[in-house]
Each structure stands twice: as structure tokens, then as C-alpha cells.
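I'm opening a fresh notebook page for this protein. My plan is to look things up one at a time and jot down what turns up.

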Amino acid sequence: MSNKEKFEGMKRGLIENNERKYGAEARDRWGNAAAEDANRKILKLSKAQFDRFQSLEREISSALEAAVQAAADPAGEKGRRMYELHREWLGFTWNFYTPEAHCGLAEMYVADERFAAYYDGNVAGCAAWLRDAIVAHTK
């Protein structure tokens, strides 16, 4: 198997795993078209784009934890940077962007215990801080 075939298989595996875990819920909330569009965007990513997508996720997590531990103001510079990183990260799977949709997702990070557990897994308060930063900087 070539490296390209391995890479394509890895992307398909990521999508299949996501579909198993969240596919029915995502399709129920946002429709089949939105879910399929997001999957297609992932499949079309180049290696460099995919690497950036994954590195953004790690960067967001570590910067978010550091900001919460430092009691940084989500409406301040660190919050603006977090908003920018998160918006860039969304661009790898979203075919559209609106501030309202971004804020809605951020609210879900706090309201849905699965998202809250993911973001607050190492440092309590990260989900709320991320939501507050997104809301503050989408205005």
C-alpha cells in the first residue's frame, strides 16, 4: 500500500469513526447534506491541510488550557487568538461560516456534557472559556 493510499484510508477511517459515534445525531440536527459536505471536505484535504487541521486541534487544546490556568480574559487578546484558531479549524469541515453558527456551536460546547467533558478533561472551565472567547470575538 502506498503512502497516498494509507493517507486516504486514514481520512476514511476518521470519517467512519465519526459517523459511528455522531453521524445519526449530526444528520438529525443539521441534515444529510451538511454531514456529507463535511465528510467530502475531509476527504479532499491534502496531507499538508490535514496536518494543519490536526495541529490546530492540538494547539487549540493546549492554548485553551493555558489561558484558563492563567485566568486570561476571554474577551482579551488570548480570546481573540483562540477565536481565530477555532474559526480556522472549522474551515476544514464547514462549507459556510456565520458568526451565529459559530456561537451556536460554542454554546453547545457548554450545554452538551460530551463536549464539556472533552474540553474540560484536563482543566475545568475550558469549555465555558472557549464559548466566551468565541462569543466575544464574533461580534
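Here are my entries, starting with how far the predictor trusts its own model.

**Entry 1: confidence**

This is a predicted model, so I checked pLDDT before anything else. The protein averages 94, and 100% of the residues score at least 70. I also looked up the extremes among the elements: α7 has the highest mean pLDDT, at 98, and α1 has the lowest, at 90.

**Entry 2: the cysteines**

How many disulfides does the structure hold? I found zero. Why no bond for cysteine 103? Its sulfur sits 19 Å from the closest cysteine sulfur, the one in cysteine 126, and that is too far for a bond. For scale, the cut-off for a disulfide is 2.5 Å. I looked up accessibility as well. Cysteine 103 is buried, because its relative accessible area of 17% falls under the 20% limit. Cysteine 126 is buried too, at 0%.

**Entry 3: helix α1**

Next I compared the length of α1 with its residue count. A straight helix of its 28 residues would reach 40 Å, but the end C-alpha atoms of α1 are only 34 Å apart. Then I went looking for a bend and found a kink of about 70° in α1, centred on tyrosine 22.

Which residues of α1 are buried? My list reads Phe7, Glu8, Lys11, Ile15 and Gly23. Helices α2 and α3 are among what covers them. Just past the end of α1, glycine 31 takes a positive phi of about 95°.

**Entry 4: helix α3**

I ran the length check again on α3, which covers residues 47–69. Its 23 residues should span 33 Å, and the end C-alpha atoms are 33 Å apart, so the two agree.

The buried residues here are Phe50, Phe53, Leu56, Ile60, Leu64, Glu65, Ala67 and Val68. What covers them includes α1, α2, α4, α6 and α7. I noted another positive phi just after this helix: alanine 71, at about 55°.

**Entry 5: salt bridges**

How many salt bridges does the count come to? I got 17, and I picked a few to look at.

My first pick was glutamate 8 with lysine 4, whose side chains meet at 3.8 Å, N to O. Both sit in helix α1, and being four residues apart, they are separated by about one helical turn. I wrote a reminder in the margin: an α-helix has 3.6 residues a turn, so residues three or four places apart point the same way. Is each partner buried or exposed? Glutamate 8 counts as buried at 19%, whereas lysine 4 is exposed at 59%.

My second pick was arginine 80 with glutamate 84, at 2.2 Å, N to O. They too lie four residues apart, this time in helix α4. Arginine 80 is partly exposed at 29%, and glutamate 84 is partly exposed at 32%.

My third pick was arginine 52 with glutamate 59, at 3.7 Å, N to O. Arginine 52 counts as partly exposed at 29%, and glutamate 59 is partly exposed at 29% as well.

Last, I traced how these pairs connect. Arg52, Glu59, Arg80 and Glu84 belong to a network of salt bridges that also links Glu77, Arg81 and Glu88.

Terms used:
Residues numbered from 1 in each chain as written. Predicted model: local features only at pLDDT ≥ 70, side-chain atom pairs only at ≥ 80, totals over all residues. Heavy atoms only, no water. Buried < 20%, exposed > 50% of the residue type's maximum accessible area, 1.4 Å probe, protein only. Helix = DSSP H or I, 4+ residues; strand = E, 2+ residues; numbered from the N terminus. Expected span 1.5 Å × (residues − 1). Contact = heavy atoms within 4.5 Å. Bend = angle between axes of the 7 residues up to and from the residue. pLDDT = per-residue confidence, 0-100. Salt bridge = Lys/Arg side-chain N within 4 Å of Asp/Glu carboxyl O.
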